[in-house]
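Thanks for coming, everyone. I'd like to walk you through a structure that will be new to most of you, so please have a look at it on the screen.

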Amino acid sequence: MILSLTSNETATREVEIVADASEIDLTASDDGEVRFGHEVTARLTTRRVAEEFFASGLVDTKATLKCARCLAEFEVPLTAPIELVIHRVHAPAAGADLDAYVEVTSGTSSFDLGSLAREVLLLTVPEVPHCSEDCSGLCALCGANLNVETCTCEGSSTDSRWDGLKQASTLKRT
Ligand SMILES: [Zn+2]
Ligand SMILES: [Zn+2]
C-alpha cells in the first residue's frame, strides 16, 4: 500500500491506493471470529511542504464477523480515518515514529501505508458484533435461530407437548 512522496511542493493531490487485505497482513483473527479478504482502499488528500508530506483521509474494507447472538457470519463495511505526516530528514531519529508522525531518510520517494492502515482498520472492528440491531439470537433451550424460525420452547401456551391434545380437541369439535 505505497504512497508516493514525489509530488510537487504545496500542490494538493487526491490519491487512491488499493491493496489486497493479505498484502497488508490483514487476514483473520487468531480465533477465526474476524476474517478479511476484500480489497483495502485508502482515499487520501496529500500535500507536500518542503520535506514534509501530509496525508489524511479514509481507509476502508469489508470484514466477515460472527454475530455474538445468533452465531451467523455476516459482512460489514469498515471505514477508518487515517492521518499521517511523513518528514524526510537526514538522520531519522530512532523511535521518532509516532502513530501519525514518521521520519524517513532524505530522498525517500515512497512510504508503505500498510501497517498504519491495518492498525486503524482493526480498531474499528466491533468487539461484540451483532448481525443486526434487533437480532433475536438463538433459543437458549433448543438452539433454534430465532431470526429464521420460531420454536415452541417459551410459555406453556405454545408448548409443543400440548399440540397433539389441541389437535384432538379440534377434531372432536368438528
Ligand atoms: Zn445475529
Ligand atoms: Zn427453542
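Let's start with Leu71, which counts as exposed because 12 other C-beta atoms lie within 10 Å. The rule behind that word is this: a residue is buried if 20 or more other C-beta atoms lie within 10 Å of its own, exposed if 12 or fewer, and partly exposed in between, with C-beta atoms placed from the backbone. Before I go on, what you see is a predicted model, where local features need pLDDT of at least 70, side-chain atom pairs count only at pLDDT 80 or more, and totals for chains, interfaces and linings use all residues. Residues are numbered from 1 along each chain as its sequence is written, while chains are lettered from A and ligands numbered from 1 in the order in which they are written.

Back to Leu71. Its place is in the loop between E5 and E6, and its phi is near 65°, a positive value in a residue other than glycine. When I say strand or helix, I mean DSSP runs, numbered from the N terminus: H or I over at least four residues for helices, E over at least two for strands.

The loop belongs to a hairpin of E5 and E6, with six residues between the strands. Strand E5 covers residues 52-66 and strand E6 covers residues 73-89, and the two pair in the antiparallel sense over 15 bridges. Pairing here asks that DSSP finds at least two bridges between two strands. As one example, Leu58 has Pro81 in E6 as its bridge partner.

E6 has another partner too. Strand E7, residues 101-105, runs parallel to E6, and five bridges join them. There, Val89 stands opposite Thr105 in E7.

Now, who else sits in the loop with Leu71? Cys70 does, again between E5 and E6. Is Cys70 exposed or partly exposed? Partly exposed, because it has 19 other C-beta atoms within 10 Å. Which residues does Cys70 contact, leaving aside neighbours within four places in sequence? Those are Cys131, Cys135, Gly137, Leu138, Asn145 and Asn147. By contact I mean that the C-beta atoms of two residues, placed from the backbone, lie within 7 Å. Take Gly137: it is 67 residues from Cys70 along the chain, yet their C-alpha atoms are separated by 4.1 Å.

Asn145 gives us the view from the other side. You'll find Asn145 in the loop between H1 and helix H2, residues 163-173. Asn145 counts as partly exposed because it has 17 C-beta neighbours inside 10 Å. Not counting residues up to four places away in sequence, Asn145 touches Cys70 and Leu138. Its C-alpha atom and that of Leu71 are separated by 8.8 Å, with their positions 74 residues apart along the chain.

One more stop in this area is Phe74, in strand E6. Phe74 is partly exposed, because 15 C-beta neighbours lie inside 10 Å. Its contacts, leaving aside neighbours within four places in sequence, are Leu65, Cys67 and Cys131.

Let's step back to the whole chain. It has two helices and eight strands, and read along the sequence they follow the pattern β-β-β-β-β-β-β-β-α-α. Of its 174 residues, 17% count as buried. Among contacts with a separation of 6 or more, residues 24 or more positions apart account for 53%.

So what is inside? In soluble globular proteins, nonpolar side chains tend to be buried together. A nonpolar core, as used here, is a set of buried Ala, Val, Leu, Ile, Met, Phe, Trp, Tyr and Cys residues joined through C-beta atoms within 7 Å. The largest one has 23 residues, and Met1, Ile24, Val40, Ala42, Val59, Ile82 and Ala117 touch the most other members. Strand E3 (34-36), strand E4 (39-49), E5, E6 and helix H1 (114-123) each supply at least two of its residues, and E5 gives the most, with five.

Ile82 shows how these pieces meet: not counting residues up to four places away in sequence, Ile82 touches Ala42, Leu44, Ser56, Gly57, Leu58, Val59, Leu116, Ala117 and Val120. On the helix side, the buried residues of H1 are Leu116, Ala117, Arg118, Val120 and Leu121. What covers them includes E4, E5 and E6.

Let me close with Asp25, in the loop between strand E2 (12-20) and E3. Like Leu71, Asp25 has a positive phi near 65° without being glycine. Asp25 counts as exposed because it has 10 C-beta neighbours inside 10 Å. Thanks for listening!
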